[in-house]
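Please open the structure in your viewer and keep the selection tool at hand, as this tour goes from one selection to the next.

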Amino acid sequence: HPPPVATDKEEQKRLLENRPDQPPQPKVLRIAIIGAPNAGKSTLCNQLLGRKVFPVSKKVHTTRCKARGVITHEDTQLIILDTPGLTNPLKAKRHNLDEAMLTDPWDSMKHADLVLVLVDVSDHWTRNSLSKEVLKCLCQFPHIPSVLVLNKVDILKKKFLLLEIATDLTEGIVNGKKLEVKSSPKQDSRSSVKPPLHLTQASPSESKVPGSPFGQEKNQAQEGSGLDRSSDAEAAGTGEGPKHHGAKDLKEMKGWPHFQEIFMLAALRGEEVDTLKRYLLMQAKPGPWEFHSDVLTSQSPQEICDNIIREKLLEYLPLEVPYGVTQVTDVWEEGECGELLIVQSLLVPRESHKRMLIGRGGKVISRIAQEAGQDLMNAFLCEVRLKLKVEVK
């Protein structure tokens, strides 16, 4: 079971400064998760951690800062760098985003041992090519191993499209092997995630990764169409690392031919997330832990609280309204029975915004307080009494 987050700011600070209680031969892996805004990065982080500590919303730019999640399993520590969605200066200006939102994903890449590139396959406008920002990031750090994660597979009605999407996003090459399509009888699958395409490995000499789509034997590919990585690798498989790509290449690129693996999952439902987690644990290399095993996130309890309330504001308020709300914590204390009492003021620029936020008969604000309180109980594992006040600033 993942540890809860400390409710006391000082206690959390002490935990973060505590010397890691690592075993004699510790292993570690730093993972940067990048992708377009709203690809599901924070949802995936929460599922990997086993507790909700990162805000999630359908609106873009819910994640505003670089925060770390920590998974400690036996002798291995995975450090997840949840980064803001990769965006450009023009969009950043439109959403009144902090300068840090442009630089944070790049900073995370500098510290990463592995990059997960998350793509939302339910978005038919963007799913067949990686965004220019993501490609720029990969081109800048070609030496860092990368893995493609296709998310929201359960929403995709036509599962055969996964084959086309996977080919486009990898330029037909994974781990230096060419992808080849093999058709087989149509499937009738009950699971929302199990894709009709089966990614198999042609050369038996290669090491198998348990649980990874490529680590499965050919005879398991009974249904749907299969993708086979034939051993006659193209130029990409010459044994050399990925070359640097120039600005000219970037214009013509749709995918990245240097991914090591492809995973398909539904992060919101938690389907196939364990498969990815097992793979990540296996990729860890010998090295010192960064955190004590009781640490789940580098955020302070107040940051988690602010982020989760903000998530609800984004969820229930229209258009740009939530982006103009300022949050001020008035009370943060432990009650007589050990419960956590939180009072927060939400300051809005206009009277009309105040009416919207309170809602008819106080319905909107009470729903936000109830749902945020529930999420905070999950993060802190204690009773939480949350009160929200709305004022015009």
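**First stop: strand β4**

Select strand β4 and look at its two faces, both of which are covered: Leu-114, Leu-116, Leu-118 and Asp-120 on one side, and Val-115, Val-117 and Val-119 on the other, are all buried (under 20% relative accessible area with a 1.4 Å probe and protein chains only; over 50% is exposed, and in between is partly exposed). Strands are DSSP runs of E with at least two residues, helices are runs of H or I with at least four, and both are numbered from the N terminus. The model is predicted, so local features need pLDDT of at least 70 and side-chain atom pairs count only at pLDDT 80 or more, while totals for chains, interfaces and linings use all residues. Residues are numbered from 1 along each chain as its sequence is written, and side-chain values use heavy atoms, with hydrogens and water left out.

Now add strand β1 (residues 27-35), which runs parallel to β4 and is joined to it by 5 bridges; strands pair if DSSP finds at least two bridges between them. On the other strand to select, β5 (residues 146-151), 6 bridges join it to β4, again in parallel, and Leu-150 in β5 is the bridge partner of Val-119.

**Second stop: an aromatic pair**

Next, select Phe-263 and Tyr-279, which form a tilted aromatic pair, 5.0 Å centre to centre with 55° between the planes (ring centres of Phe, Tyr or the six-membered ring of Trp within 6.5 Å; planes under 30 degrees apart are stacked, over 60 edge-to-face, the rest tilted). Phe-263 lies in strand β10 and Tyr-279 in helix α8, 16 residues apart, and both residues are buried.
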